[in-house]
Amino acid sequence: LLYQGREEGREEGREEGREEGREEGKKIGAIRTYQRLGIPPETARQYIMEEFGTNAEEADELLRTYWI
C-alpha cells in the first residue's frame with residue numbers, strides 16, 4: 001500500500017513536470033516568434049504578461065533568458 005502511494009506520487013510529479021515543460025515551451029516559442037516578427041522587447045514583454053498571466057518580473061526573466 002505504501003509502495004502504491006509512492007508510485008502514484010511519482011507519476012503525479014512526472015505529469016506536473018511535463019505540464020510545466022509544455023508551458024515553458026509555449027512561452028519560449030512565443031518569445032522567439034515575437035523576435036522574428038521584429039516586435040520590440042518592451043511590446044513582447046506586455047504580450048507575455050497578457051498571454052500567459054505572468055507578472056512583469058517573470059516576463060523580464062523570460063526575455064533575458066530566451067531573447068537571442
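This passage walks through the charged side chains of the structure, looking at how they pair and where they gather on the surface. The model is a predicted one, and every value below was computed from it.

A good place to start is with pairing in general. Side chains of opposite charge can pair when their charged atoms come close. Across the whole structure, a search turns up 10 salt bridges. Three of these pairs are described here in turn, followed by a network and a surface patch.

One of the pairs brings together Arg-18 and Glu-11, whose closest N and O atoms are 3.0 Å apart. The two partners are alike in their surroundings: Arg-18 is partly exposed, with a relative accessible area of 38%, and Glu-11 is also partly exposed, at 38%.

A second pair links Lys-27 with Glu-58, and here the closest N and O atoms lie 3.2 Å from each other. Lys-27 belongs to helix 1 and Glu-58 to helix 3 (residues 56-66), so this salt bridge ties together parts that are 31 residues apart in sequence. Lys-27 is buried, with a relative accessible area of 11%; a residue counts as buried when that value is under 20%. Glu-58, on the other hand, is partly exposed, with a relative accessible area of 34%.

A third salt bridge, between Glu-61 and Arg-64, has its closest N and O atoms 2.8 Å apart. Both residues sit in helix 3, and because they are three residues apart there, about one helical turn separates them. Glu-61 is partly exposed, with a relative accessible area of 41%, while Arg-64 is exposed, with a value of 59%.

Some salt bridges also share partners, and in this way Glu-11, Arg-14, Glu-15, Arg-18, Glu-19 and Arg-22 are joined into one network. The pair of Arg-18 and Glu-11 met earlier is thus seen again, since both residues are among the members of this network.

Finally, attention turns to charges of one sign. Glu-8, Glu-12, Glu-16 and Glu-20 form a negative surface patch. Residues in such a patch have no salt bridge and a relative accessible area over 30%. Glu-20 serves as an example: this residue lies in helix 1, which spans residues 2-36, and is exposed, with a relative accessible area of 57%. Helix 1 also holds Lys-27, the buried partner of Glu-58.

How values were computed
Residues are numbered from 1 along each chain as its sequence is written. This is a predicted model: local features need pLDDT of at least 70, side-chain atom pairs count only at pLDDT 80 or more; totals for chains, interfaces and linings use all residues. Side-chain values use heavy atoms; hydrogens and water are left out. Patches are made of residues with over 30% relative accessible area and no salt bridge: like charges are joined within 9 Å, nonpolar side chains (Val, Leu, Ile, Met, Phe, Trp, Tyr) within 5 Å. Accessible areas come from the Shrake-Rupley method with a 1.4 Å probe; for residues, only the protein chains shown count as cover. A salt bridge is a side-chain nitrogen of Lys or Arg within 4 Å of a carboxyl oxygen of Asp or Glu. Lys and Arg count as positive and Asp and Glu as negative; His and the chain ends are not counted. The place of a charge is taken as NZ of Lys, CZ of Arg, CG of Asp or CD of Glu. Helices (H or I, at least four residues) and strands (E, at least two) are DSSP runs, numbered from the N terminus. Buried means under 20% relative accessible area, exposed over 50%, partly exposed in between (1.4 Å probe, protein chains only).
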